Amino acid sequence: AMGASTIEECARLLDMINTMLVISKTEAGVEKVSHDKVDIAALIGNACELFEPLAEEKNVGLRRRAPEKTIVSGDARMLQRMLANILDNAVKYTPPGGEVEISLSESEKKDIIIAIRDSGIGISETDVPHVFERFYRCDRSRSQPGTGLGLSLARAIARAHGGDITVRSALDQGSTFTVTL
Ligand code: ATP
Ligand code: MG
């Protein structure tokens, strides 16, 4: 008979295939991105609420610095998924006692800037250029669960909104992912 672990493995594979399809379609521009008025400050609030229990359990501080309300044009579901993927990483790759901070601001050119900063394990100089590639996982994070698709999807979503994501990091120095919309 099919054991529970086999069923779980199948579910994981299906989820992975589905994520790959969403990345490909988003990059190709065939995945429809709606242009609704989205309160990105509220989405950040939701995302923090979602990850708060996980962070607390791990003894990682989760802070948020954002205005009450900031409206962008975009797809709420996709933007939520983008934020969740980056926050998931920040909490996952930050050891107990560390800090994660998400901040929202507006540049002079009226770009929306979302910075997710963590005090975690960091990313080496040689890995930094590759973390947005599909299935890329740094050696030091292999002990954590994951498939290496989260950041590819996050970047595809940012780009589908006319934005982008960059990262600044160094080993043991934490990381800052910056989304510009
Ligand atoms: P998943 O598909 O479940 O998200 P993942 O987290 O391994 O798996 P990505 O989110 O795409 O994959 O990240 C790619 C790799 O980049 C990670 O495996 C990890 O090595 C590195 N990385 C991403 N975010 C961070 C971070 N905040 N701190 C340190 N390393 C990170
Ligand atoms: Mg991830």
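Which residue in β4 is the bridge partner of Arg-65? The partner is Ser-103, and the points below set this pair within the sheet and the rest of the chain.

1. The model under review is a predicted one, and the notes that follow should be read with that in mind. The protein contains four helices and seven strands, and from the N terminus onward these elements follow one another as α-β-α-β-β-α-β-β-α-β-β.

2. On overall dimensions, a compact globule of 181 residues would have a radius of gyration near 16 Å, and the protein, at 16 Å, therefore agrees with that expectation. Along the principal axes, the C-alpha atoms occupy a box of roughly 60 × 40 × 35 Å.

3. Five of the strands make up an open sheet with mixed pairing, in which the order across the sheet is β2-β4-β5-β7-β6. Because β2 (61-65) and β6 (164-169) are the edge strands and each has a single partner, one side of each is left without a neighbour in the sheet. From one strand to the next the twist averages 15 degrees.

4. In general, the strands of a sheet are held in register with their partners through backbone hydrogen bonds, in either a parallel or an antiparallel arrangement. In this model, β2 and β4 run parallel and are joined by five bridges, and the pairing of Arg-65 with Ser-103 of β4 belongs to this part of the description.

5. The pairing of β4 with β5 is antiparallel and extends over seven bridges, with Glu-106 standing opposite Ile-112 in β5. These two strands form a hairpin with five residues between them, and Lys-110, which lies in the turn, has a positive phi of about 70 degrees.

6. On the other side of the strand order, β5 (residues 112-118) pairs with β7 in the antiparallel sense over six bridges, and Arg-117 is found opposite Thr-176 in β7. Two helices should be considered together with these strands. Helix α2 (residues 40-57) packs on the sheet and touches β2, β4 (99-106) and β5, with its direction making about 170 degrees with that of β2. Helix α3 also packs on the sheet, where it touches β2, β4, β5, β6 and β7, and its direction makes about 20 degrees with that of β5.

7. The largest pocket has a volume of about 880 Å³ and is lined by 36 residues, with Asp-88, Asn-89, Lys-92, Tyr-93 and Gly-150 lying nearest its centre. At least two lining residues come from each of α1 (4-28), α3 (76-92), α4 (150-160) and β7 (175-180), and α3 gives the most, with six residues. When the lining is sorted by class, it comprises 14 nonpolar, twelve polar and ten charged residues.

8. Taken together, α3 appears in two of these descriptions, since this helix packs on the sheet and also gives the most residues to the lining of the largest pocket. Strand β7 likewise pairs with β5 and supplies at least two residues of that lining.

Methods: Residues numbered from 1 in each chain as written. Chains lettered and ligands numbered in written order. Predicted model: local features only at pLDDT ≥ 70, side-chain atom pairs only at ≥ 80, totals over all residues. Heavy atoms only, no water. 1 Å grid on protein atoms, 1.4 Å probe; cavity = no way out; pocket = protein on both sides within 12 Å on 5 of 7 lines; lining within 4 Å. Points joined across faces, edges and corners; volume = space filled by probe spheres on them. Nonpolar A, V, L, I, M, F, W, Y, C, P; charged D, E, K, R; others polar. Pairing = 2+ DSSP bridges. Axes fitted to C-alpha atoms, helices over the stretch in contact; angles between N-to-C directions. Contact = heavy atoms within 4.5 Å. Rg over C-alpha atoms; globule rule 2.2 N^0.38 Å.
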